[in-house]
Structure formats: structure tokens, C-alpha cells
Amino acid sequence: MRFTYCPDCGEKLIMKEIGDEGEIPYCNNCKKPLFDMFSTCIIVLVKNRDNVLLLSQSYISTQYRNLVSGYMKPGESAEACAMREVEEEVGVKLDKLEIIGTYWFSKKGLLMIGFMGETSQTEVKLSPEVDRAEWVHYDKASALVHPKGGGSVSAILVEENYKRITENKTKQV
Ligand SMILES: [Zn+2]
């Protein structure tokens with residue numbers, strides 16, 4: 001979102017050259033630039049050995065399954081947000097959390113921070129936001145989430161997990 005008016009004082013913003021950033025909307029009253037704003041979300045592939053947890057959430061999609069995701073709150077680290085969302089949405093405590101990458105989700109203008117989280121827990125306790133959650137074998141997951149072409153971060157994480165598990169199994173043979 002690009003600001004036209006200052007959210008603090010309501011003054012109409014001018015465009016001003018800010019260092020290397022180029023022309024940025026600027027409040028001449030508050031003397032500050034107002035950079036374009038966007039929301040940041042975390043998305044977590046929750047796994048238990050060879051299985052991944054896929055969610056059915058009709059308010060997001062009736063066609064595809066989802067991973068745990070949620071908006072970050074001010075004052076919270078991305079890691080803390082990931083742990084919190086997993087616990088809130090599916091009642092799972094993670095033993096291990098690893099950041100995989102960050103992705104611009106152009107369809108919604110969001111920055112998404114992708115994680116993989118491991119748990120030894122199998123039982124889930126669903127929030128009202130989640131209709132159903134099911135442990136699915138890692139090689140079946142990519143067919144169930146939104147395909148990669150549409151900028152799906154779920155697909156990227158599912159694929160990364162598949163790659164890691166199959167590479168590991170090859171090494172063990
Ligand atoms: Zn202002």
C-alpha cells in the first residue's frame with residue numbers, strides 16, 4: 001500500500017528524494033518518509049517424520065489444502081509467530097523450527113516467511129479457523145496443495161521437504 005496522506009497528521013504527502021531509495025512519499029509536517037506498507041505472514045510446514053500436516057480451511061480454499069499460516073504481530077519475531085500460529089491453529093508444539101526462505105506473494109501483496117517445523121506429536125487440536133487437519137505422507141502432499149505456478153509458498157515448502165527426505169533416504173541406501 002502506497003500512502004497518499006500522512007497516517008499520523010493527515011497532511012497530504014509530497015514526493016521527496018530519500019537517499020538511495022529514490023522518490024518516496026514524505027510528510028512535510030512530521031518530517032518523515034512513509035515507505036510503501038505491506039503485511040508479513042509466516043507459513044509453516046509442520047512435519048512428523050515422513051508425514052506433513054495439511055489443513056482444510058474453506059475460507060481460504062475449498063479446492064486445495066493449506067499449511068499453517070498467519071499474520072505477524074508488532075513486537076513479535078517471525079520465529080515466535082510461527083510457533084504461536086502452529087499452536088493456535090492445530091494445537092501442536094514444535095520441537096524444532098527452521099527458516100527456509102522468504103517469498104513475495106504477489107497475489108496478495110504480502111511478504112511470506114517460510115518455515116519447516118518438526119514435532120513428535122500426532123494428535124491435533126483445531127482452532128475454529130481450521131475445518132480439518134490430516135497427516136499426509138510427504139510424497140502425496142504436492143498433489144494436494146495449491147500448485148507452484150500460482151506463486152504458492154505451500155508448494156515450495158512441500159517440494160523442499162520432499163527433496164530433503166528423498167536425498168536423505170538415497171544417502172542411507
Ligand atoms: Zn504527518
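Tutor: On a 1 Å grid over the protein atoms alone, a pocket is an open set of points where a 1.4 Å probe fits, with protein on both sides within 12 Å along at least five of seven lines; its lining residues have an atom within 4 Å of a point. This is a predicted model, in which local features need pLDDT of at least 70 and side-chain atom pairs count only at pLDDT 80 or more, while totals for chains, interfaces and linings use all residues. Residues are numbered from 1 along each chain as its sequence is written, and side-chain values use heavy atoms, without hydrogens and water.

Student: Which residues lie nearest the centre of the largest pocket?

Tutor: The largest pocket has a volume, the space filled by probe spheres set on grid points joined across faces, edges and corners, of about 590 Å³. Its lining is made of 26 residues. Nearest its centre lie Ile60, Asn66, Ser69, Phe105 and Lys108.

Student: Which element gives the most to the lining of the largest pocket?

Tutor: Helices (H or I, at least four residues) and strands (E, at least two) are DSSP runs, numbered from the N terminus. Among the elements that each supply at least two lining residues are strand S4 (39–48), helix H1 (78–90) and strand S6 (68–71). The most, three residues, comes from S6.

Student: How many charged residues line the second largest pocket?

Tutor: The volume of the second largest pocket is about 240 Å³. It is lined by 14 residues, with Lys47, Glu118, Arg164, Ile165 and Asn168 closest to its centre. Asp, Glu, Lys and Arg count as charged, Ala, Val, Leu, Ile, Met, Phe, Trp, Tyr, Cys and Pro as nonpolar, and the others, Gly among them, as polar. By class, the lining has three nonpolar residues, three polar residues and, as charged residues, eight.

Student: Which element gives the most to the largest nonpolar core?

Tutor: A nonpolar core joins buried (under 20% relative accessible area, 1.4 Å probe, protein chains only) Ala, Val, Leu, Ile, Met, Phe, Trp, Tyr and Cys residues through side-chain atoms within 4.5 Å. The largest has 18 residues, and Leu157 is one of those with the most contacts (heavy atoms within 4.5 Å) inside it. Four residues of this core, the most from any element, come from H2.

Student: What distance separates the centres of domain 1 and domain 2?

Tutor: The domain bounds come from an automatic or database domain assignment. Domain 1 covers 1–37 and domain 2 covers 39–172. Taken over C-alpha atoms, their centres are separated by 36 Å.

Key: Buried means under 20% relative accessible area, exposed over 50%, partly exposed in between (1.4 Å probe, protein chains only).
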